[in-house]
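Me: Please take a close look at the buried part of this model. I would like to know how its cysteines stand, what its nonpolar cores are made of, and how the helices contribute.

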Amino acid sequence: MPILQTHDVIKQYKQYEKTVNAVNRVSVEIEDGEFVAIIGTSGSGKSTFINLCAGLDTPNYGDIMIRGENITKMKPDALCDFRGKNIGFIFQTCRLVPYLTALENILLPLTAADRSFDRYSERLKMLVARLDIGDRLNHLPSELSGGQQQRVAIARALIHYPQILFADEPTGSLDKESAAQVLELLLSIRKELNQTLIIVTHDPDIAARADRILKMDNGVLSVYRDKINPK
């Protein structure tokens, strides 16, 4: 069974007197452990689509299934619990809580799910070391550079071993060397956990590493490059 299935998903917005189909009848299946890159121009609906798939927004029509569970039918508390156990999300703009330290931001998924921090101590050490943020853990987001904030956001998305990770331009605020390091981290963790990775990106180097590339154009999703053996 695919880890993610969508069927005729539609998301509409009102723009003045006009109705805009940001996501227009998208049906797709993504396999467990697959790395999929989604490309397309700005405003094509890429970010809206992965927000829907991650349960961060609700479609006007259609169904979204993760591990056979229809998240569009879940009540808010059940959806929050499901997301905390199965889904990680890296936002393009970090979205760190401004009054929490970097460490407290990283641990938020565990706090929300009422999980013991002790079980994740080794995971935390690994992420902090690989992302090179060990000396920034007690700093507030306002005391971090944009790149450091994004590294904290990446650690937050990975701390709870999510089986499906969505990332919206995860390296957009990083220099080329740092972006390459972060991509290698995401790919190595994906391999370690057999994790499904879905990345929205404008970076051709990231897209080239994907098992499959999908393209969003005016809310319509299509196959840009079909499945290959990843590089």
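Reply: Buried means under 20% relative accessible area, exposed over 50%, and partly exposed in between (1.4 Å probe, protein chains only). By that scale Cys53, at 1% relative accessibility, counts as buried.

The model is predicted, with local features needing pLDDT of at least 70, side-chain atom pairs pLDDT 80 or more, and totals for chains, interfaces and linings taking all residues. Numbering runs from 1 along each chain as its sequence is written, and side-chain values use heavy atoms, without hydrogens and water.

Start with the cysteines. The structure holds 0 disulfides (cysteine sulfur pairs within 2.5 Å). Cys53 is accordingly in no disulfide, and the nearest cysteine sulfur to its own, that of Cys80, is 18 Å away. Cys80 is likewise in no disulfide, with the sulfur of Cys53 as its nearest cysteine sulfur at 18 Å. Cys53 is buried, whereas Cys80 has 49% relative accessibility and therefore counts as partly exposed.

Cys53 belongs to helix H1, which covers residues 46-53. (Helices, H or I of at least four residues, and strands, E of at least two, are DSSP runs numbered from the N terminus.) H1 is mostly covered, with 6 of its 8 residues buried. The buried residues of H1 are Lys46, Thr48, Phe49, Ile50, Leu52 and Cys53. Lys46, a lysine, is thus listed among the buried residues of this helix. After H1 comes Gly55, which has a positive phi, near 80 degrees.

Next, the packing. The largest nonpolar core (buried Ala, Val, Leu, Ile, Met, Phe, Trp, Tyr and Cys residues joined through side-chain atoms within 4.5 Å) holds 42 residues. Within this core, Ile106 and Leu186 touch the most other members. Both helices and strands supply at least two residues each. The helices concerned are H3 (102-106), H5 (121-131), H6, H7 (176-193) and H8 (204-208). The strands are E3 (35-39), E7 (164-168) and E8 (196-200). Helix H7 gives the largest share of this core, 8 residues.

What does Leu186 contact, leaving aside its neighbours within four places in sequence? With contact taken as heavy atoms within 4.5 Å, its partners are Ile90, Ile154, Leu158, Leu165, Pro170, Leu197 and Ile199. Of these partners, Leu165 has a number inside strand E7 (164-168), while Leu197 and Ile199 have numbers inside strand E8 (196-200).

Another core lies apart from the largest one and has 30 residues. Among its members are Val28, Val36, Leu52 and Ile71. Leu52 ties this second core to helix H1, where Leu52 is one of the buried residues.

Helix H7 deserves one further residue, Ala179, which is found in that helix. Ala179 has 11% relative accessibility, so it counts as buried. Not counting residues up to four places away in sequence, Ala179 touches Thr171 and Leu174. The C-alpha atom of Ala179 is separated by 9.4 Å from that of Ile206, a residue 27 places away along the chain. Ile206 has a number inside helix H8 (204-208), another contributor to the largest core.

To sum up, H1 has 6 buried residues of 8, and its Cys53 is in no disulfide. H7 gives the 42-residue core its largest share, and Leu186 is one of the two residues that touch the most other members of that core.
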